[in-house]
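Here are my notes for you. Have the viewer open while you read, and tick off each point as you find it.

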Amino acid sequence: MQAFDLVEHDLILKMLRAKGFPERWIAWVKDILSTATSSVLMNGVAGKEFKCRRGVRQGDPLSPLLFAIAADLLQCVINHEMLLGNLQPPFPQDPNSPFPMVQYADDTILIMQGCEQQLLHLKDILQLFSLSSGLKVNYHKSCLLPINIEASKAALLANCGRTS
């Protein structure tokens, strides 16, 4: 999973603090992240080791949890934008409920209204999230699945914000 290699260490530590983890635990995670090294295998021979400045260790049982904590920033940002009225859920819900979103590993599903303004705002949010976290949206692997929307409107939504 390439996304595991991209998440910024500082973001993980800040999210741990924001989620209320004790400083002692955060220090342990910082030690784990700061001691990570890698090397390149060429013809089965390991090259010189170098320190990892971002990403979590693949295969480490702690890594999926650390990645999930970092990725939770996106849910927090989307929830904040909903509270500000910049994004509206596609169906009536309790105002204290989180915006409808599902995250699994490095995949995210957002359930939104078919609204060009909200979609463009979401793209801005994703751009800022990318800059702060190191995680990037692969728009070539992303898709829009319209539900109860005319095909012509779905095509407009799928193409909104494209520069080429």
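The points below go from the background to a core, a helix pair and one residue.

1. Keep in mind that this is a predicted model: local features need pLDDT of at least 70, side-chain atom pairs count only at pLDDT 80 or more, and totals for chains, interfaces and linings use all residues. Residues are numbered from 1 along each chain as its sequence is written, and side-chain values use heavy atoms, with hydrogens and water left out.

2. Start with the largest nonpolar core, which has 30 residues. (A nonpolar core is a set of buried Ala, Val, Leu, Ile, Met, Phe, Trp, Tyr and Cys residues joined through side-chain atoms within 4.5 Å; buried means under 20% relative accessible area, with a 1.4 Å probe and protein chains only.) Val7, Ile12, Leu16, Val29, Leu74 and Ile78 touch the most other members. Helix α4 gives the most to this core, nine residues. (Helices are DSSP runs of H or I, at least four residues, and strands are E runs of at least two, numbered from the N terminus.)

3. Now look at α4 (residues 63-84) and α5 (residues 116-133): their axes come within 11 Å and cross at roughly 145°. (Axes are lines fitted to C-alpha atoms, for helices over the stretch in contact, with angles from 0 to 180 degrees between N-to-C directions; contact means heavy atoms within 4.5 Å.) Among the residues meeting here are Leu74 and Ile78 in α4 and Leu122 and Phe129 in α5.

4. Is Ile109, in strand β6 (residues 107-110), buried or exposed? Ile109 is exposed (over 50%), at 52% relative accessible area.
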